[in-house]
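Hi everyone, thanks for coming. Let me put today's structure on the screen, and then we can walk through it together.

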Amino acid sequence: MHVRELLRTSPATRAGLSIALATGAYGVSFGALGTASGLGVLEVCALSLLLFSGGSQFAFIGVLAGGGSPASAAGASTLLGLRNGVYGMQVNTLLRPRGWRRLAAAQVTIDESTAIALGQTDRTEQRRGFWTAGVGVFGLWNLMTLVGALAGDALGDPRRWGLDGAAVAAFLGLLWPRLRGREPGAIAAVCAVVTVLAIPLVPPGIPILVAAAVAALVGWWGRDRSPEEVAA
Amino acid sequence: MTAWLWLLAACTLAYLTKLSGYLVPQRLLGSPALIRVSGCMTVGLLASLVTMNAVADGQALAIDSRLLALAAALVALLLRAPFLLVVVVGAAAAALGRLAGLP
């Protein structure tokens, strides 16, 4: 089908494309913050290309920027990426990709592509939405990461430009849409307090893992409640 | 060099996590308890990252222009600003604080 025809007749393709533009654009902030955290342009671009999961990438550089070790950065990024396993399962039940398509689908299984696919009722639309959002975000996100990394590298002292403040804002922006309902708000508050208490007591990067453990325990204790409340 | 190794380890683990959703039988990964725990952990990790990036200075707590960024970002989100604008507002608030001579 012709591209223009597809855009006209398929709401999922349109939705996928617009989310790709919106999300891809903020790859520029990841690139700039990445170099501000002390990584080289090549390392920052490798994260977008290979890790490709916004929250995990921001976590990785966020821990490094706070003086944490690369090991705890990898720990935080992996824990934050666990939800992608759940997404993979949900997308798999909808699309059932086979062969190389399954390997490619796994790499572009992120918040955005999963949300678009789950938002469609028609099987063809689910497939179009998932791939448009996934491949679209992947392409733009990587391009804009490179732009941001080169710009951030040229800026010099990141604090003067408020890039450390930009990181705070970015994490709050990632957290915000997940704070629907009372329980996520309570978990966020508890984990913020736990982090403040842990910062002086343990090496940099570890407070995040302590907070993750607390959140996991809260989730485990309340496991009889509806899972959709926090996982969605 | 070690940094590169951990970076590549993080990338490998991220991909295996995604792929596991396609390969592991649904009754193992699809348990409501696991979905709930993973959802709770995402919220907890992000809240912790907000806090750490706002007040941590190595192993010390610091009050500086980053708190201005936090407040400004909160206002932007309450006004339903898109993500990129929220980030820019945060950077501007911290940069203005520094320009005004705050730490």
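Let's begin with a question: which domains does the domain assignment give for chain B? The assignment gives domain 1 (3-178) and domain 2 (180-232) for chain A, and for chain B it gives domain 1 (1-25), domain 2 (31-62) and domain 3 (63-103). Please keep in mind that this is a predicted model.

Now for some distances. In chain B, the C-alpha centres of domain 2 and domain 3 lie 20 Å apart. In chain A, the centres of domain 1 and domain 2, taken over C-alpha atoms, are separated by 23 Å. Those two domains of chain A do touch: 13 residues of domain 1 are in contact with nine residues of domain 2. On the domain 1 side, helix α6 of chain A, residues 70-80, gives the most, with five residues. By class, that side of domain 1 has six nonpolar, six polar and one charged residues.

Next, the place where the two chains meet. How many residues does the contact take from each chain? It takes 86 residues from chain A and 68 residues from chain B. Helix α11 of chain A, residues 163-175, gives the most to the chain A side, with 13 residues. That chain A side divides into 57 nonpolar, 21 polar and eight charged residues.

Let's stay with α11(A), and look at how it meets α4(B). Their axes come within 8 Å and cross at roughly 35°, and the crossing is right-handed. From α11(A), the residues that meet α4(B) are D164(A), G165(A), V168(A), A169(A), L172(A) and G173(A). Among their partners in α4(B) are S65(B), R66(B), A69(B), A73(B) and L77(B). The residues of this contact divide into nine nonpolar, three polar and two charged.

Some of those names come back in the largest nonpolar core, which has 105 residues. Which of its members touch the most other members? They are V168(A), A169(A), F171(A), A215(A), L45(B), V50(B) and A73(B). The largest share of the core, 14 residues, comes from helix α3 of chain B, residues 32-55. As background, nonpolar side chains tend to be buried together in soluble globular proteins.

Have a look at F171(A) if you can find it on the screen. Leaving aside its neighbours within four places in sequence, F171(A) is in contact with F58(A) and G62(A), and across in chain B with L46(B), L49(B), V50(B) and N53(B).

Helix α3 of chain B also holds S48(B). Is S48(B) buried or exposed? S48(B) has 31 C-beta neighbours inside 10 Å, so it counts as buried. Not counting residues up to four places away in sequence, S48(B) touches C191(A), A192(A), T195(A), P207(A), I208(A) and A211(A).

Several of those partners take us to α12(A) and α13(A). Helix α12 of chain A, residues 182-198, and helix α13 of chain A, residues 206-221, pack at an angle of about 145°, with their axes 9 Å apart. α12(A) passes α13(A) in a right-handed crossing. Here I187(A), V190(A), C191(A), V194(A), T195(A) and A198(A) in α12(A) meet residues of α13(A) including I206(A), P207(A), V210(A) and A211(A). That contact has twelve nonpolar, one polar and no charged residues.

Back in chain A, there is also helix α9, residues 111-118. Why is α9(A) described as largely enclosed by the rest of the structure? Because six of its eight residues are buried. The buried ones are D111(A), E112(A), S113(A), T114(A), I116(A) and A117(A). What covers them includes α2 (11-25), α7 and α10 (123-155) of chain A.

Last stop, two backbone oddities. Most residues other than glycine have a negative phi. R96(A), however, has a positive phi of about 45°, and it lies in the loop between α7 and α8 of chain A. R96(A) has 13 C-beta neighbours inside 10 Å, so it counts as partly exposed. In chain B, R80(B) has a positive phi near 60°, and R80(B) sits in the loop between α4 and α5. With 8 C-beta neighbours inside 10 Å, R80(B) counts as exposed.

That's my tour. Thanks for listening!

Technical notes:
Residues are numbered from 1 along each chain as its sequence is written. Chains are lettered from A and ligands numbered from 1 in the order in which they are written. This is a predicted model: local features need pLDDT of at least 70, side-chain atom pairs count only at pLDDT 80 or more; totals for chains, interfaces and linings use all residues. Two residues are in contact if their C-beta atoms, placed from the backbone, lie within 7 Å. Helices (H or I, at least four residues) and strands (E, at least two) are DSSP runs, numbered from the N terminus. Ala, Val, Leu, Ile, Met, Phe, Trp, Tyr, Cys and Pro count as nonpolar, Asp, Glu, Lys and Arg as charged, and the others, Gly among them, as polar. Axes are lines fitted to C-alpha atoms, for helices over the stretch in contact, and angles run from 0 to 180 degrees between N-to-C directions. A crossing is left-handed if the near helix is turned anticlockwise from the far one by less than a right angle, and right-handed if clockwise. A nonpolar core is a set of buried Ala, Val, Leu, Ile, Met, Phe, Trp, Tyr and Cys residues joined through C-beta atoms within 7 Å. A residue is buried if 20 or more other C-beta atoms lie within 10 Å of its own, exposed if 12 or fewer, and partly exposed in between; C-beta atoms are placed from the backbone. Domain bounds come from an automatic or database domain assignment.
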